[in-house]
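Visitor: I'm new to looking at protein models. Could you take me on a close look at the spot where the ligand sits, and then show me some of the charged pairs?

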Amino acid sequence: MKTDVFASRHIGIREENIQHMLKEVEVENLEQLIVETIPEDIRLKEPLELDTPMSEHEFLGHIEALSKKNKVFKSYIGLGYHESLTPSVIKRNILENPGWYTAYTPYQAEIAQGRLEALLNFQTVVCDLTGMELANASLLDESTAAAEAMTMLFDVRSREQKKTGVLKFFVSEEILPQTLSLLKTRATPLNIELVNGNHEEFDFSNDFFGAILQYPGKYGQVHDYAEFTAKAKQNDIKVAVAADILSLALLKAPGEFGVDVVVGTTQRFGIPLGYGGPHAAFFATKEAYKRNIPGRIIGVTMDTDGKPALRMALQTREQHIKRDKATSNICTAQVLLAVMAGMYAVYHGPEGLKYIADKVHNKTKILSEALQNLSITQHNTAYFDTIKVSVENAQIVREAAEKAELNFNYIDDKTISISINEATSFKDIIAIVKVFKILKTKVINEDFYAEADKITAIPASIQRDSPFLQNEVFNSYHSETELMRYIKKLERKDLALNHSMISLGSCTMKLNAASEMLPLSMANWGNIHPFVPIEQAEGYQIMLKELAKNLTVITGFADTSLQPNSGAQGEYAGLMVIRAYHESRGEGDRNICIIPASAHGTNPASAVMAGMKVVVTKTDERGNIDVADLEEKVTLHSENLAALMVTYPSTHGVFESSIRHITKLIHDHGGQVYMDGANMNAQVGLTNPGMIGADVCHLNLHKTFAIPHGGGGPGVGPICVAEQLVPFLPGNPLVKTGGDQAITAISGAPWGSSLACLISYGYIKMLGENGLTDSTKIAILNANYIKERLEGKYDVLYTGEQGRAAHEMIIDCRPFKAHGIEVTDIAKRLMDYGFHAPTVSFPVAGTMMIEPTESESLDEIDRFCDAMIAIREEIDETQLENPNNVLKNAPHTMSMITSDSWEFPYSRQKAAFPLSYIEDNKFWPSVRRVDDAYGDRNLICTCAPIEAYAEVE
Ligand SMILES: *Cc1c(COP(=O)(O)O)cnc(C)c1O
């Protein structure tokens, strides 16, 4: 074996397995399988033009050298991003640990209690610091969270306001510029009218439904918003506040002055800047809005034995159910980053956080004092970590600062703001002062330390006096040994890719190679602020341009934007680009978006957010788009047709042969074709969205391009577009990016989650054309192999014209209802066999969608098939009349198996060790089946005091 070829490490199937597998699927060779799977008219004839692959060793050298092209200055730019210190124990045991980063979204709660607890901690941190009742388990970034707050408040307008069509939303001029841009993007399609101004001059007139304020303001001034909030309430205007999480250790919690929503980022809780992301944003609100809150909420419930257990609460609000009634499309969030930020609070505890906040604040006061001693005017009367100063010539300051490798925020020719952070030392403060000293003759009063102590920069009325993080979990793990063990304890409860295959259809849980992940820990990638002058980020610029170029080649399009932070955000971005394109041609009335019934729930939700009307088209009995029905709808809506959203290969796991006919039909009627790229793993190197006639697609880099799922994020959802759409690619208000007629921002940072892009960059660079194409072929082979092995045991719902699956397949579990067995029972029983269930009930209720990916070995795939076949036999043994069986009781915990009493009509051996391979590698679910309904009726979404747990028991 060639030990320096990365493809042979990434792909799990050995050369010598292939013959056996081909025989099982009854083809001569791989080429024949591909010919039988992908329609002839869309197969690529030429190989992709990509660089020759690097070995892992070469890549690591290359990426380190490239990182050196980034100039790591001390950035005091602020604007929502601050240098922070990641505790090494968190970096090593979470960020660099596949037990955490390869986990899937915790839909299977019984084998996800660890990350569910970590997320409950995160929610508790957010609730406590903001003073709110309910928080979700993260959003994509602060700006997105602010936009979600606006749309939620729009959605919960009073009946009166809805009747009279109240559309105005007040945005304080203190809001961060990138947030303002994003609010504009989101407001336009909903006809929300933004009014930007000074909150002290706001007149509270009754044509406003809501307002958003920044706390502290964008250049550091802290305002007392109590009066504003009270007046707003009197006038039925709901108030959202975008708050700095660290400042809340010292500032009055927004909940205490009665706001309705608090949003912000937790980046400064130990998450690297990463040139913009990924970071976890938070969204906290009142209990009253629990049914309207976007994203996922973790809640407490109990298991079959009445023991406390966690799971995702209120799942009925998910877009899969709400579809075009959903007001938010968020699916993938920032779970791994939320876990890290929550753990930062666990490690430091309330006193540690207060200590850090005090340190930051005191240094800011010292800096303020020192600059005033140089007779520089400092404007902020109340501040936490940011001062705003006047200078004669900001350009001269800038030159001196950059020479000293410091970045400030240059507001205009004469005004600068400087934000201090956890990593700022006294030496750093002196270095900042020096920059200004050069420009001044007056001698600095060396006693400014003592002077600073006497200043009150936070007036009493806005000082925090309420406690936070009183729960045990935040007061227990303050030594490294203790935290290391706590992290391990949680990790052990979770089944991730480092235990076994997670064959999640549509989610492509492939290998996230260590060499792809290592660069994330390199300081020269981590410590770059997203708004630094572009020359300081040369390494990033090279990497991002190259990644965008490669994705453009792979999709067969003209250009790519890396800005969206998830697949769903990519969908929204793509549709907004289509909207801008139609408008530019004077066809702004085109607002109909046709979506097949089988589409992922984010599709209709995104279309509605983009101001489009959803028309659903049918699928036929073979799972394909019903072309006759589509033709009818397209003709009917010809004049207003904006787009078709189509997933390819379809969510049914089939390469529809009519796809070119379909895309042409849409074009003939003036529409654009949006391709959902979640299934790109079946296309790379063999066909592409450009070839099938699409105009734009998003990619889920966290599916096809090796970014780990992180337990539900981070994601990166770039959009790749055809020539006519390039001018409209999204921009940023502070840094030039996107097209010449760029739409306003889709996410806060100009290149979204740049740090995570390194993973996909590595993936492409190390696999090259051959490795990528082989990956696709093997992914298809693996799926078809599973299909053959399960033949006769499970019905595969849909196949292509020649009986082939693409890279995934749907098996029908509905017939087992005759035995009283539901698809959930199979999912839970798989846990006893050491497997995470495939995708349950998407896109068809009562089914499972299996996607093995190319990274699994034949042995692992066979174990999975053995487990599925054994379960099928167990189903045959069960009778409808007797629900006391091994499936209904699954999963079986260690405490059940080792209990002195055993009252089940099957053996312990059968319950926990039904196949021999399990003895060697047993995974124990930590709780019995969780009760979802109980949890939703008794919603608890923060770490409850210990008494609450006692009550449940
Ligand atoms: C995963 C997925 C999405 C949404 O992507 P996120 O990154 O979770 O927002 C959209 N469509 C399909 C078909 C998917 O599988």
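**Around the ligand**

Guide: Let's start with lysine 703: one of its polar side-chain atoms lies 2.8 Å from an oxygen atom of the ligand. Keep in mind that this is a predicted model. The protein covers 98% of the 380 Å² of accessible area that the ligand has on its own.

Lysine 703 has company here. Histidine 702 also brings a polar side-chain atom to the ligand, 2.6 Å from an oxygen atom. With glycine 567, the backbone does the job: one of its polar atoms is 2.7 Å from a ligand oxygen.

Now zoom out a bit. The ligand is surrounded by 14 residues, and the closest are Thr332, Ser506, Asp676, His702 and Lys703. Sort the shell by class and you get eight polar, three charged and three nonpolar residues. Helix H21, which runs over residues 567-584, gives the largest share of that shell, with three residues.

On to the charged pairs. Searching the whole structure turns up 43 salt bridges. Let's visit a few of them.

Take aspartate 825 and lysine 888, which form a salt bridge with their closest N and O atoms 2.6 Å apart. Aspartate 825 sits in helix H27 (residues 823-832), while lysine 888 is in the loop between helix H28 (858-877) and helix H29 (894-897), so this pair ties together parts that are 63 residues apart in sequence. How buried or exposed are the two partners? Aspartate 825 is buried, because its relative accessible area is 2%, which falls under the 20% cut-off. Lysine 888 has a relative accessible area of 27%, so this one counts as partly exposed.

Next, look at lysine 238 and aspartate 236, whose side chains meet in a salt bridge at 3.6 Å, N to O. Here the lysine is the buried partner: lysine 238 has a relative accessible area of 14%. Aspartate 236, at 33%, is partly exposed.

Lysine 325 and aspartate 324 make another such pair, with 3.8 Å from N to O. This time lysine 325 is exposed, because its relative accessible area is 64%, over the 50% cut-off. Its partner, aspartate 324, is partly exposed at 32%.

Salt bridges can also link up into a group. Asp51, Glu546, Lys549 and Lys765 are joined in a network of them.

Terms used
Residues are numbered from 1 along each chain as its sequence is written. This is a predicted model: local features need pLDDT of at least 70, side-chain atom pairs count only at pLDDT 80 or more; totals for chains, interfaces and linings use all residues. Side-chain values use heavy atoms; hydrogens and water are left out. A salt bridge is a side-chain nitrogen of Lys or Arg within 4 Å of a carboxyl oxygen of Asp or Glu. Buried means under 20% relative accessible area, exposed over 50%, partly exposed in between (1.4 Å probe, protein chains only). Helices (H or I, at least four residues) and strands (E, at least two) are DSSP runs, numbered from the N terminus. A residue is near a molecule or strand if one of its heavy atoms lies within 4 Å of it. A polar contact is a pair of N or O atoms within 3.5 Å; within protein, one must be able to donate a hydrogen and the other to accept it, and residues adjacent in sequence count only if both atoms are side-chain atoms. Accessible areas come from the Shrake-Rupley method with a 1.4 Å probe; for residues, only the protein chains shown count as cover. Ala, Val, Leu, Ile, Met, Phe, Trp, Tyr, Cys and Pro count as nonpolar, Asp, Glu, Lys and Arg as charged, and the others, Gly among them, as polar.
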